[in-house]
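Welcome! Take a moment to look over the structure below, and then we can walk through it together, step by step.

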Number of protein chains: 2
Amino acid sequence: MTPAPPLPDDLAHCSIARTLELVGEKWTLLVLREVFNGVRRFEDLHRRIGAPRQVLSQRLGRLVSAGLLHRKPYQDPGQRTRYEYRLTEAGLDLYPILVALLHWGDTHRPAPAGPALVLTHRDCGEPIGLALRCRAGHELASAREVRPRPGPGAAHAADTPAG
Amino acid sequence: MTPAPPLPDDLAHCSIARTLELVGEKWTLLVLREVFNGVRRFEDLHRRIGAPRQVLSQRLGRLVSAGLLHRKPYQDPGQRTRYEYRLTEAGLDLYPILVALLHWGDTHRPAPAGPALVLTHRDCGEPIGLALRCRAGHELASAREVRPRPGPGAAHAADTPAG
C-alpha cells in the first residue's frame, strides 16, 4: 500500500483528513508505534515491523521531512556513524491517536490471548486511558455529550466538507 | 484509494493495525466524521463528502457489516422507504480516534482561516479535548510518562510486532 495521494482541495481544510494523510498509512503507523515503545534504530525497526527495507526507509524519510521524527547520530565501536530516530514534540503529540486506536482494537476486536501491549503510568503502574473533557473541567461520559459547532474556518469551507 | 488489503498474520495481533485496517481508509473516516456530526442520509453524506456514489455505498456497507453503523428505515411522504445510518455503540466508541486526529491537525497543521469545526461540551459550551489518565486517577502530562508493558497476548506474539 503506497502513501495516500494528496487530498483534493475540498478536503484540504479538514484536520482529520490532513492528519490521516500524514499518519494513516499502515507502515507509517507501525513505525510510530515502535518508536513510542522505545525502538529507535533502523535494524530494530526492520526486524520488529517486517516492512521491506526500502519501504521502511521511505516511510522514515517521510516522517523526518514532516517534522514528526528527527535523526540523531550514534556510533558503535568500529562502525560507521548511524542514526537513531526520535520523536519530535509534534511527533509526541500523536500519542493520543495511537492510544485511541489501540484501545478501540483491544475492546472491540480483542485478540484471543489478550492484548500484546498494556500501557501503564510510569509512576504508579496502573493502565492508562483517554478521557473526554471540556475546558471547564467537566468530564464527558460519551460522544453524545459533544456538540460540533462551526469554527472560524467554516465560512471558507462553505457547504463543502468540514471538520 | 481502495481499502487496505488484509494484514499479514504477523500483524493481526496488533490492535492498532486491526483498528486502522477497519477505519484508516480516507472515505471511511470522512463518513464517520459526518455521521458523528449528525449527517445520516445517503444523499446528505454524498453531497458533503464528495465521494463517488459507488465508493460511498461500498464504504457504508462495510461499516454496517463491521457493526459500526446500523441502518434505520425512514420514509418521506410519497417516497419509497430509505435508510439512515446511525452509529452503534462500537461505532460511538471510535470517537476518541476522530477527536485525536482532529486536534493534532488543528494544532500542527492548522488551516489559515482557523478550524472549520470546534467540538464543544453540550452542557456548558466549552471546547472539549482528550486527557491521558491512569486508572488510579493520575493525569499524565505527556506520552513520556507512559510505560508500555507486555500484556497476556505478548507470549503469543513472541518477537514479532506487538501492540
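Let us begin with how the two chains are arranged in this predicted model. Turning chain B by 180 degrees, with 0.0 Å of shift along the rotation axis, lays it on chain A with an RMSD of 0.0 Å. The two copies are therefore related as by a two-fold rotation axis. If you would like to find that axis from the side of chain B, look for B:Ala131: its C-alpha is the nearest to the axis in that chain, at 2.5 Å. In general, two copies of a chain are related by a rotation about an axis and a shift along it.

Now for the place where the copies touch. How many residues does each chain bring to the contact? Chain A contributes 93 residues, and chain B contributes 93 residues. Of the interface residues of chain B, 100% are also interface residues in chain A, so the copies meet through the same surface.

The size of an interface is often given as the accessible area lost when the parts come together. Here, chain A and chain B bury about 8400 Å² between them, and 63% of that area lies on carbon and sulfur atoms.

What about polar contacts across this interface? There are 39 residue pairs in polar contact between chain B and chain A, counting pairs with both residues at pLDDT 80 or more. On the side of chain B that touches chain A, helix α6 (residues 95-108) of chain B gives the most, with 12 residues. Sorted by class, that side of chain B has 55 nonpolar, 17 polar and 21 charged residues.

Charged residues bring us to salt bridges. Side chains of opposite charge can pair when their charged atoms come close. Between chain B and chain A there are six salt bridges. One of them joins B:Glu89 to A:Arg144, with the closest N and O atoms 2.9 Å apart.

The backbone also links the chains. Strand β3 (residues 117-121) of chain A pairs with strand β5 (residues 146-150) of chain B, running antiparallel over five bridges. To see the pairing up close, find A:Val118, which stands opposite B:Arg149 in β5 of chain B.

Finally, step back to the whole structure, where 24 salt bridges are found over all chains. Among them is a pair inside chain A: A:Arg59 and A:Glu25, whose closest N and O atoms are 2.8 Å apart. This pair links distant parts of the chain, 34 residues apart. A:Arg59 sits in helix α4 (residues 53-65), while A:Glu25 lies in the loop between α1 (15-23) and α2 (26-36).

Key:
Residues are numbered from 1 along each chain as its sequence is written. Chains are lettered from A and ligands numbered from 1 in the order in which they are written. This is a predicted model: local features need pLDDT of at least 70, side-chain atom pairs count only at pLDDT 80 or more; totals for chains, interfaces and linings use all residues. Side-chain values use heavy atoms; hydrogens and water are left out. Contact means heavy atoms within 4.5 Å. Buried area is the accessible area (1.4 Å probe) that two parts lose on being put together, summed over both. A salt bridge is a side-chain nitrogen of Lys or Arg within 4 Å of a carboxyl oxygen of Asp or Glu. A polar contact is a pair of N or O atoms within 3.5 Å; within protein, one must be able to donate a hydrogen and the other to accept it, and residues adjacent in sequence count only if both atoms are side-chain atoms. Helices (H or I, at least four residues) and strands (E, at least two) are DSSP runs, numbered from the N terminus. Ala, Val, Leu, Ile, Met, Phe, Trp, Tyr, Cys and Pro count as nonpolar, Asp, Glu, Lys and Arg as charged, and the others, Gly among them, as polar. Two strands pair if DSSP finds at least two bridges between them. Copies are superposed by least squares on the C-alpha atoms of residues with pLDDT of at least 70 in both.
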